Amino acid sequence: MRNKSIKLAGTLGLSMVLASPAWAAFTCDPVQDTTGSPYSEAKFKNALDHAKLQLPTSSTCIKNSKIVNYYYDPDNWYLDNTNMQFKIDNGGSSKRNELRGDSFAGSRTDMAMNLRLSLKYGGSYSGRFTVAQIYGQTGGQPILRVEFLSSRSGLSNYLWGIYRTNAGISPQYQYKPLGPAPTSFTKLDLVYNDNGTITAKLGDNAVQTWSDNMSYYTQSSKSVYFKTGCYLQNAGDCYVRLSTLNFDT
């Protein structure tokens, strides 16, 4: 883990550090250094050549021109033992730390994101957070979210595929279980517009498929992109680590 230290003089400064260190850390604070940058690891370069970092909201923290020049956030997004680390300490609901890929036309077919991930849960970790998305840029529609849920439908600590079946201001969703949340590196494959469907597969578990209203998303006038990292639906900590990452753009 990489951390920056902040030294404050006097009793007041010490009390501030003790009272709220985690909130102070979760801000966009990039530095440049090849040692801690995920771009230093060759296996991530193809993806990072077409990505930017969003943190702590959907605003851009590190634009692509900075990522490919070895910028990273040593508190929240960094290289650790050849793996890409996303981390949030004591984050509020809707806070995020995500890579966003370049957009592609909604009419494109067989667009894939493939990664190997591990995560942590329990204790201070959030009971609900998103680790990957297929996102509809036009209209701001999250088409598919891969979300950790500590409890749903009798299943504990699972990853779920959550597919938005309609457009508009009153969203409706289909939930399908992908498998137990992995605490060791496990492959996750997402495919957009595979013969008019979206598919998700976690490790050796069954492929899950969605197709409702795909004709809305696959119009050539619409744009889509992939995302991965930590996006909090409930407050708490988040820890997602990738050993590999590739996506189409």
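**Close-up 1. Charges over rings.** The charged end of Lys227 is perched over the ring of Tyr135, 5.8 Å from its centre. Arg96 does likewise with Tyr231, its charged end sitting over the ring at 4.1 Å from the centre. To qualify as "over a ring" here, NZ of Lys or CZ of Arg must be within 6 Å of the ring centre and within 35 degrees of the ring normal. Keep in mind that this is a predicted model, where local features need pLDDT of at least 70 and side-chain atom pairs count only at pLDDT 80 or more, while totals for chains, interfaces and linings use all residues. Residues are numbered from 1 along each chain as its sequence is written, and side-chain values use heavy atoms, with hydrogens and water left out.

**Close-up 2. Aromatic pairs.** The count comes to 10 aromatic pairs, taking rings of Phe, Tyr and Trp (its six-membered ring) whose centres lie within 6.5 Å (planes under 30 degrees apart are stacked, over 60 edge-to-face, the rest tilted). One of them is Tyr39 with Tyr70, edge-to-face at 5.5 Å centre to centre and 70 degrees between the planes. Tyr39 sits in the loop between strand E1 (31–32) and helix H3 (45–48), and Tyr70 in the loop between helix H4 (64–67) and strand E4 (71–72), so this pair ties together parts 31 residues apart in sequence. Helices (H or I, at least four residues) and strands (E, at least two) are DSSP runs, numbered from the N terminus. Tyr39 is buried, at 10% relative accessible area, whereas Tyr70 is partly exposed at 24%. Here buried means under 20% relative accessible area, exposed over 50%, and partly exposed in between (1.4 Å probe, protein chains only).

**Close-up 3. Phe104 meets Tyr192, and a cluster.** Phe104 and Tyr192 also pair edge-to-face, with 5.7 Å centre to centre and 65 degrees between the planes. Phe104 belongs to strand E8 (residues 104–105) and Tyr192 to strand E14 (residues 186–192), 88 residues apart, which makes this a link between distant parts of the chain. Phe104 is buried at 4% relative accessible area, and Tyr192 is buried at 0%. Elsewhere, Tyr163, Trp210, Tyr216 and Tyr217 make up one aromatic cluster.

**Close-up 4. An open sheet of seven strands.** The order is E5-E6-E18-E9-E14-E15-E16, with antiparallel pairing; two strands pair if DSSP finds at least two bridges between them. Strands E5 (77–80) and E16 (208–210) stand at the edges with a single partner each, so one side of each has no neighbour in the sheet. Strand E15 (residues 198–202) pairs with E16 in the antiparallel sense over three bridges, and Ala200 stands opposite Gln208 in E16.

**Close-up 5. Strand E12 and its partners.** Seven of the 10 residues of E12 (residues 155–164) are buried, so the rest of the structure largely encloses this strand. E12 pairs antiparallel with strand E11 (residues 141–152) over eight bridges; here Arg145 has Ile162 in E12 as its bridge partner. E11 and E12 form a hairpin with two residues between them, and Ser153 in the turn has a positive phi of about 50 degrees. E12 also pairs antiparallel with strand E13 (residues 173–180), over seven bridges, where Trp160 has Pro177 in E13 as its bridge partner.
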